[in-house]
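Work through the exercises below with the sequence and the coordinates open, and attempt each task before turning to its solution.

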Amino acid sequence: MGDRFRSRVIDVATGSAETVHDLTQECAAFLREAAAGRDGLLNVFVPHATAGVAIIETGAGSDDDLLAALHDLLPADDRWRHRHGAPGHGRDHVLPALVPPHATLPVLGGALELGTWQSVVLVDTNKDNPRRQVRLSFLG
């Protein structure tokens with residue numbers, strides 16, 4: 001595929017707390033090089049069984065609201081059959097069914113076509129894994 005397909009893995013330090021990590025700037029930097037002004041698609045993929053990718057507003061409380069909603073839907077308690085790791089870790093393995101581990105986004109003129117308040121974020125509720133990888137792939 002040559003220049004039509006480019007891919008890169010970025011490392012993200014998520015720490016030991018639940019987090020919503022904004023990936024928008026990393027996506028934009030990758031596209032400046034990979035898309036070189038072309039139209040196409042950006043795929044963002046998290047190759048982890050306990051993390052997801054979402055498109056949300058950040059910085060106005062929505063990221064905290066998302067974590068609160070996930071905590072309500074997926075409490076960190078002893079109800080989960082998957083029991084290794086920190087208490088309630090089984091819920092982390094259910095997370096990708098609600099927040100999928102991927103998103104595919106339009107790229108126009110080499111830039112992400114996001115709405116005014118939209119950001120691309122990594123959602124990670126797994127406190128046992130402080131480092132994540134994210135694969136960015138451009139097809140155009």
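**Exercise 1: Helix α1 and its end**

In this predicted model, α1 is followed by Ala 36, whose phi is positive, near 50°. Task: determine which residues of helix α1 are buried, and why they can be assigned to one side of α1.

Solution. Begin with the extent of the helix, which spans residues 24-34, and list its buried residues, which are Thr 24, Cys 27, Phe 30, Leu 31 and Ala 34. These residues lie on the same side of α1, because the arc that they cover around the axis is only 125°. As a last step, inspect the face turned away from this buried side, where the exposed residues Gln 25 and Arg 32 are found.

**Exercise 2: The nonpolar cores**

Task: find which residues have the most contacts inside the largest nonpolar core, and which element gives the most to this core.

Solution. The largest nonpolar core consists of 22 residues, and within it Leu 23, Leu 42, Val 44 and Val 134 have the most contacts. Next, assign the core to elements: two or more residues come from each of β1 (5-13), α1, β3 (40-45), β4 (51-56), β5 (102-108), β7 (119-124) and β8 (131-139). Of the elements, α1 gives the most, with four residues. A second core, separate from this one, has twelve residues, among them Ile 56, Leu 66, Leu 70 and Leu 95. To examine one residue in detail, take Leu 23 and leave aside its neighbours within four places in sequence; its contacts are then Ile 10, Val 12, Val 44, Val 120, Val 121, Leu 122 and Val 134.

**Exercise 3: The open sheet**

Task: state in what order the strands of the five-stranded open sheet are arranged, and which strands stand at its edges.

Solution. Reading across the sheet, the order is β1-β8-β3-β5-β6, and the pairing is antiparallel. β1 and β6 (111-112) each have a single partner strand and stand at the edges, so one side of each is left without a neighbour in the sheet. For the pair β3 and β5, six bridges join the antiparallel strands, and Asn 43 stands opposite Thr 104 in β5.

**Exercise 4: Arg 91**

Task: decide whether Arg 91 is buried or exposed, and identify what its side chain meets.

Solution. First locate Arg 91 in helix α3, which covers residues 90-98. Its relative accessible area is 2%, and because buried means under 20%, Arg 91 is buried. A polar atom of the Arg 91 side chain lies 2.9 Å from the backbone oxygen of Leu 74. Finally, with its neighbours within four places in sequence left aside, Arg 91 is in contact with Glu 18, Leu 70, His 71, Leu 74, Pro 75, Ala 76, Trp 80 and Thr 125.

How values were computed:
Residues are numbered from 1 along each chain as its sequence is written. This is a predicted model: local features need pLDDT of at least 70, side-chain atom pairs count only at pLDDT 80 or more; totals for chains, interfaces and linings use all residues. Side-chain values use heavy atoms; hydrogens and water are left out. Buried means under 20% relative accessible area, exposed over 50%, partly exposed in between (1.4 Å probe, protein chains only). A polar contact is a pair of N or O atoms within 3.5 Å; within protein, one must be able to donate a hydrogen and the other to accept it, and residues adjacent in sequence count only if both atoms are side-chain atoms. Contact means heavy atoms within 4.5 Å. The arc is that of the directions from the helix axis to the C-beta atoms. A nonpolar core is a set of buried Ala, Val, Leu, Ile, Met, Phe, Trp, Tyr and Cys residues joined through side-chain atoms within 4.5 Å. Two strands pair if DSSP finds at least two bridges between them.
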